[in-house]
Amino acid sequence: MTDPCQCGPSRRHVLTGVGKAALLTGMLAGSAGAYAAAPDATPQIPVAALKTFDLADVTLGEGPFLQAERKTSAYLLSLEPDRMLHNFRVNAGLPPKARVYGGWESDPVWADINCQGHTLGHYLSACALAYRSTGDRRFKARIEHIARELAACQAASGSGLVCAFPDGPAVVAAHLRGAPITGVPWYTLHKVFAGLRDATLLADSDTARTVLLRLADWAVVASRPLDAAQFETMLDTEHGGMNEVFADLYAMTGSADYAVMAERFSHKAILAPLARSRDHLDGLHANTQVPKIIGFQRVWEITGKPDYRDAAAFFWKTVALTRSFATGGHGDNEHFFPVAEFASHVFSAKGSETCCQHNMLKLTRALFLHDPQAHYADYYERTLYNGILASQDPDTGMATYFQGARPGYMKLYHTPETAFWCCTGTGMENHVKYRDSIYFHDDRALYVNAFVPSAVRWRDRDAVLTQTTTFPDEPVTRLRWTVKRPTDIVLKLRHPGWSRAAIVLVNGVEVLRSTAPGRYLDIARVWRNDDVVELRLDMHPVAERLPGAPNIVAFTVGPLVLAGAFGRGGLAPGSDIIVNERKYGEYNAEPFAAPKLAGDPETLAGAIRAGDRPLEFTIPSASGQPVRLIPYHRIAHDRYATYWDVAPAAT
């Protein structure tokens, strides 16, 4: 999200910059496979290579992901829906039932960004994910309450539009007629659309569906007077993934109006160069673009038009492989920068906006479903640990905005009730959707993408696969089959790109040894009850040089970025809990002298020594004192460093 008080072009401030069951299996990634009808009969409608498992068929075992889910679930249940509904009711002419929340939701400091109401949309999505994952009916009750309240707002206002903007629907009307505005109304409305969609598909809320369709029909009618050029000009302002949600609506209903809207909301100024494999991202606001690209992939899925697919695939390759830090994050101060300038941006306190990582994982998952290559899963794993799991305060469940690499800085987390940043909203979703990308399947094969203690029920094959692991503490995972009868299934185990070798044992007997990382290992056999598969991998410290700056290095082990852990450095408890995300870099900005490293980076990686506890290491510093290294995702409330400007060895 762009902030009006930050440097660089801000779309909030400046305006411009450049079938239910089938849908349910893929909608979290923006992928729903093929549909019988299509808005254009000429292109071939793509069929996804893989299918997802229902969140309800995946359980998490004890470990960091389940712990994170519990923290976020508790936070969701601590929030009061009527406080999020306050301004929706006011704008509909109804008396509010509770006082409004603070921060982006009501504080005058943020009034001009017109993000008021975005939290409610994220909250609906998070509650729907939590309900589908856990079956806890408290989440279902909150969804139904919000849906009924929004329906009451539509009835009272006589309009399908529901919003919480300070000036009510006026800002949307001005935006539609091309008048100057501040803020990002379509971005905010997209969150409401997406929340209602998720409530419909994941929580089976008929009321949410009714509200959603009325809101969608309002958008169709309200935007109909705009010609193509006017619509495209409107898209210069951040608008989230409106193309994605209208593609989903088309898949849900078959309404051609929604298919047309999905293409109208696809920003051609961004689409056209990417479809021609042109990287024109320098200087663009990063998280304005990523949701558009998710939408491009989704529009391809309902239309078959190749430009949308080509743009999405090229964007992913460009960002994930050439523009990302070791953690999987990207950008500085929310913007893409030239690849040649990595060294000038890597040590910013405003790097790696967490929303960008959230959305890059959605895009990665969507691409993987159609092209199940291991490099997508490798990137997903890297970003899941070092971006998403790393973003949560393990004590409070609150989340980060940026996760920059300024040496000696620390992660900063939002408050429970007075911040409500964009990353607060995606943070609500991130930690209740871990079950969605551990396992996938096609008609014959079950893919194991993540090494997470969990179990998956494959209902069509009457089989359960239970995964027991302490990964990443140990690079080993064990999988046990529960089947009622002998069952022929191909088990596809990911041999990650970070592991030099992989060994597979079945019932204690080695059946496969691989020295070719970055692929899937196929174990095809008839499985019997209690058959056990063991996958052994290899994790070792590696130096990852920054593109264009070979002396700036991050150290990794397996998929994990290792961070220098420096302790609190005199900071008071609670000084990393903040309200104003605009002041990242100003908080806790006292001078701090981080340790220095010297020598050849690969030699330094070889000098990393294991400590007494799993995944704790030391590395020699230039002063001779060892520096403690731990996984970045385990850093909280401490100063840290993830990148090091390594000096030449003393002669």
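This report walks through the overall build, one sheet and the nonpolar cores of a predicted model.

Let us start with the whole chain. The protein chain holds 21 helices and 22 strands. Its 651 residues would give a radius of gyration near 26 Å in a compact globule, and the chain's 24 Å agrees with that. Buried residues account for 63% of the 651. The C-alpha trace spans about 70 × 65 × 45 Å along its principal axes, and the accessible surface is about 22,400 Å², with 53% of it belonging to carbon and sulfur atoms.

Next comes a sheet worth tracing on screen. Five strands make up this open sheet, in the order E1-E4-E5-E9-E12, with mixed pairing. Its edges are E1 and E12, each of which pairs on one side only. E1 and E4 run antiparallel and share 2 bridges; here Lys51 stands opposite His441 of E4. Helix H19 packs on the sheet, where it touches E9 and E12, and its direction makes about 60 degrees with that of E9.

| Element | Residues |
|---|---|
| Strand E1 | 51-52 |
| Strand E4 | 439-441 |
| Strand E9 | 487-495 |
| Strand E12 | 519-527 |
| Helix H19 | 374-388 |

Finally, the cores. The largest nonpolar core has 176 residues, and those touching the most other members are Phe193, Phe246, Phe315, Leu446, Trp481, Leu491 and Phe555. Leaving aside residues up to four places away in sequence, Phe193 touches Leu212, Leu215, Ala216, Ala219, Met242, Val245, Phe246 and Leu249. A second, separate core of 20 residues includes Trp110, Cys115, Phe402 and Tyr409.

Conventions
Residues numbered from 1 in each chain as written. Predicted model: local features only at pLDDT ≥ 70, side-chain atom pairs only at ≥ 80, totals over all residues. Heavy atoms only, no water. Core = buried A, V, L, I, M, F, W, Y, C linked by side-chain atoms within 4.5 Å. Buried < 20%, exposed > 50% of the residue type's maximum accessible area, 1.4 Å probe, protein only. Contact = heavy atoms within 4.5 Å. Pairing = 2+ DSSP bridges. Helix = DSSP H or I, 4+ residues; strand = E, 2+ residues; numbered from the N terminus. Axes fitted to C-alpha atoms, helices over the stretch in contact; angles between N-to-C directions. Rg over C-alpha atoms; globule rule 2.2 N^0.38 Å. Areas by Shrake-Rupley, 256 points an atom, 1.4 Å probe, with all protein chains shown as cover.
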